[in-house]
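Colleague: Could you take me through the sheet in this model, and then through the parts around it? I would enjoy a close look, strand by strand.

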Amino acid sequence: MMTSVDTDLIRVLADPLRLRIVTLLAKETLCTTHLVEETGARQTNLSNHLRVLREAGVVETEPCGRYTYYRLRPDVIASLAGRFADLADSGRNAVENKRACP
């Protein structure tokens with residue numbers, strides 16, 4: 001069963017730029033400057049999206065001098081993937097379940 005937390009996380013990841021950021025961070029830890037270069041987004045826009053991802057628990061930060069590095073929290077993505085896998089299993093099992101009309 002999907003929870004409100006799952007629904008919020010799906011909304012967070014539904015944004016194309018945030019999904020792009022997550023995809024990039026799945027490959028390596030990057031600072032804001034790298035993410036600006038990779039996405040072409042403005043730094044202020046990117047920072048807002050990173051804040052949303054951080055508040056949702058999808059990414060974590062690591063200060064390094066005057067830069068902040070971001071890394072993906074794969075456990076959060078894996079948990080959401082597990083919920084979807086559970087839904088898929090339920091759907092497969094429910095193929096034969098049909099509620100009769102009154």
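Modeller: Happy to. One definition before the hairpin: two strands count as paired if DSSP finds at least two bridges between them. Please keep in mind that this is a predicted model.

Let us begin with the hairpin. Strand S2 (residues 59-64) and strand S3 (residues 67-72) run antiparallel and are joined by six bridges. Two residues lie between the strands of this hairpin, and Gly 65 takes a positive phi near 65° there. Along the ladder, Glu 62 has Tyr 69 in S3 as its bridge partner, while Cys 64 stands opposite Tyr 67 in S3.

Now to the whole sheet. It is an open sheet of three strands, in the order S1-S3-S2, with antiparallel pairing. Strand S1 (30-31) and S2 stand at the edges with a single partner strand each, so one side of each has no neighbour in the sheet. As a general reminder, the strands of a sheet pair through backbone hydrogen bonds, either parallel or antiparallel. Across S2 and S3 lies helix H4 (residues 43-55), which runs at about 120° to S2.

The cysteines deserve a word here. The structure holds zero disulfides. Cys 31 is in none, and its nearest cysteine sulfur, that of Cys 64, is 8.8 Å away; a disulfide would need the two sulfur atoms within 2.5 Å. Cys 31 is buried, at a relative accessible area of 4%, whereas Cys 101 counts as exposed, with 72% relative accessibility.

Turning to the helices, H2 (residues 16-25) has Leu 17, Arg 18, Ile 21, Val 22, Leu 24 and Leu 25 as its buried residues. Seen down the axis of H2, these buried residues fall within an arc of 160°, so they line one face of the helix. The general background is that an α-helix has 3.6 residues a turn, so residues three or four places apart point the same way. At the start of H2, a side-chain oxygen of Asp 15 comes to within 2.9 Å of the backbone nitrogen of Leu 17.

Last comes helix H5 (residues 74-93), which contains Ser 90. At 47% relative accessibility, Ser 90 counts as partly exposed, because that category runs between 20% and 50%. The C-alpha atom of Ser 90 is separated by 27 Å from that of Arg 73, and the two residues are 17 residues apart along the chain.

Conventions: Residues are numbered from 1 along each chain as its sequence is written. This is a predicted model: local features need pLDDT of at least 70, side-chain atom pairs count only at pLDDT 80 or more; totals for chains, interfaces and linings use all residues. Side-chain values use heavy atoms; hydrogens and water are left out. Buried means under 20% relative accessible area, exposed over 50%, partly exposed in between (1.4 Å probe, protein chains only). Helices (H or I, at least four residues) and strands (E, at least two) are DSSP runs, numbered from the N terminus. The arc is that of the directions from the helix axis to the C-beta atoms. A polar contact is a pair of N or O atoms within 3.5 Å; within protein, one must be able to donate a hydrogen and the other to accept it, and residues adjacent in sequence count only if both atoms are side-chain atoms. Contact means heavy atoms within 4.5 Å. Axes are lines fitted to C-alpha atoms, for helices over the stretch in contact, and angles run from 0 to 180 degrees between N-to-C directions.
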